[in-house]
Amino acid sequence: MDCIQITGGVPLDGEVWISGAKNAVLPIMVASLLCDGPSYISNVPHLQDVTTTMELLGRMGASLAMDDGMRIEIDPRGMHQFEAPYDLVKTMRASILVLGPLVARYGRAVVSLPGGCAIGSRPVDLHLRGLQALGAEVSVVNGNIEASAKQLKGANIIFDTVTVTGTENIMMAAVLAQGTSVIENAAQEPEVVDLAKFLNAMGAKISGAGSNTLTIEGVENLHGTEYSVLPDRIETGTYLVAGAITRGHVRVTRTRPRDLDSVIEKLRETGAVIEVGEDWIDLDMKGRRPLAVDITTAPYPGFATDMQAQFTALNTVAEGTAIITETVFENRFMHVQELQRLGANIRVKGNTAIIRGVDELNGAPIMATDLRASAGLVLAGLVANGTTTVDRVYHIDRGYEIIEEKLGQLGARIRRVASPRKTR
Ligand code: EPU
């Protein structure tokens, strides 16, 4: 197993390009099962979750090919198995996304019920209720969700809570339903919009993507298409925070600034000087210590929960006290105890963390618990004195392409090494 070793203290300086968005490419790959021929998806990031999705689709009988390294061809014509087994679902919860497309296109699906995870209990009840509203028979047997339907029928669905993959799952199911479906209280995340654009490019009729109401007119079939995935706003935000926390100057390119309004606003509050172009963002701290910023996470266009750990890290060395309120996932403060090992002053009460900025952090061995938590830990390592070793980096490989190379390009002293042997 690998870990990431960082010697902190270098103000980052330079330019870094942004990869395709993990949380868009996963549903888009899965949506390609809905059509009758091959689809070509480009700007695909090299991530463990993409590999897991390829394995999942391949096991079902889809044929997949990667050409120039960033484009995948997915041809679902060989599909013969309609199951997402536990060994894959437990490594990637997003496997639940196959449920809607399988039932809509092939009439049946067996998907292992995802358990809880490091950031919260994360039920999928809204996915199941949405599918039932479209007319599917759904039951949970021996830890598996079993769903079937001869023909889904359009329906009105109102989600109790905004759910990103829930919206995506039901949207993918509804595109092949008979009649019109309306999803209210739908997620408005850019990744949901990207999926809707991909589905429309395949011949679906979805309107309202990006608002809280989606209207989907069912069609009889969909055709393969070509699509380029949008840039990753969370990766973008993470590199901007890397610039801010190290009092450096970072320019991110090949990104889409309009998806980061709330993050840019908060970074400006820290004292960063930010310029924005069509596909780049330039952040310059001018050598100054960041000021503390309060954050409350919320569904888009609110402040993304996926950026919370990174801002928690930033606040540990900021001037002043910050209050972070996590409203999306109940247990997303696992990084706090690790940051405390570096000397951070953080108190957690319920869904709130109070962070008093300290003058310096000191390197230590620490452990990643989930994807975004590990990004927060790497950021803290960039400013800690001496060496910080972040173990269990497989979490980070799920969502950040070549992070050590990209940070290295910005001047960070960072390398991937084999984890020290464990003794019992
Ligand atoms: N919820 C329910 N019932 C459901 C579904 C969700 O109660 O049936 C609750 C969840 O427990 C949570 C809230 O609704 O409290 C929002 O969860 P959501 O369903 O939106 O999360 P998700 O779709 O499972 C996606 C991203 C996450 C991201 C969240 C929130 C993907 C593949 N995953 O998860 O990304 O944090 O939306 O924006 O799109 C990550 O990339 O590290 C990551 C965890």
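Visitor: How many residues surround the ligand, and which are the closest?

Guide: In this predicted model, 21 residues surround the ligand, and the closest are Leu-126, Thr-163, Thr-165, Asp-306 and Val-328. Sorted by class, this shell holds 9 nonpolar, 6 polar and 6 charged residues.

Visitor: Which atoms of Lys-22, Leu-126 and Asp-306 should I look at beside the ligand?

Guide: A polar contact is counted here when two N or O atoms lie within 3.5 Å, and with that cut-off in mind you can take the three residues in turn. For Lys-22, an N or O atom of the side chain is 3.1 Å from an oxygen atom of the ligand. For Leu-126, the atom to find is a backbone N or O, which lies 2.7 Å from a ligand oxygen, whereas Asp-306 places a polar side-chain atom 2.6 Å from an oxygen atom of the ligand. As for the ligand taken alone, it exposes 830 Å², and the protein buries 86% of that.

Visitor: Which elements give two or more residues to the shell around the ligand?

Guide: They are helix 1 (22-31), helix 5 (125-133), helix 6 (164-174) and helix 12 (371-383), and helix 5 supplies the largest share, with 3 residues.

Visitor: How should I read the open sheet of 4 strands, and what is its order?

Guide: The general idea is that strands of a sheet pair through backbone hydrogen bonds, either parallel or antiparallel. In this structure the open sheet has the order 2-15-17-16, and its pairing is mixed. Strand 2 (13-17) and strand 16 (273-276) each have a single partner strand, so each of these edge strands has one side without a neighbour in the sheet. On average, and with direction ignored, neighbouring strands of the sheet are turned by 15° against each other.

Visitor: Do strand 16 and strand 17 run parallel or antiparallel, and how many bridges join them?

Guide: Strand 16 and strand 17 (residues 281-284) run antiparallel and are joined by 4 bridges; to follow one pair, start at Val-273, whose bridge partner in strand 17 is Asp-284. Helix 9 (residues 261-269) packs on this sheet, where it touches strand 16 and strand 17, and the direction of the helix makes about 150° with that of strand 16.

Visitor: Where can I find a hairpin, and which residue there takes a positive phi?

Guide: Look at strand 8 (residues 137-141) and strand 9 (residues 144-148), which pair in the antiparallel sense over 5 bridges. Val-141 stands opposite Asn-144 of strand 9, and with 2 residues between the strands of this hairpin, Asn-142 takes a positive phi near 50°.

Terms used. Residues numbered from 1 in each chain as written. Predicted model: local features only at pLDDT ≥ 70, side-chain atom pairs only at ≥ 80, totals over all residues. Heavy atoms only, no water. Near = heavy atom within 4 Å. Polar contact = N/O pair within 3.5 Å; in protein donor to acceptor, adjacent residues only side chain to side chain. Areas by Shrake-Rupley, 256 points an atom, 1.4 Å probe, with all protein chains shown as cover. Nonpolar A, V, L, I, M, F, W, Y, C, P; charged D, E, K, R; others polar. Pairing = 2+ DSSP bridges. Axes fitted to C-alpha atoms, helices over the stretch in contact; angles between N-to-C directions. Contact = heavy atoms within 4.5 Å.
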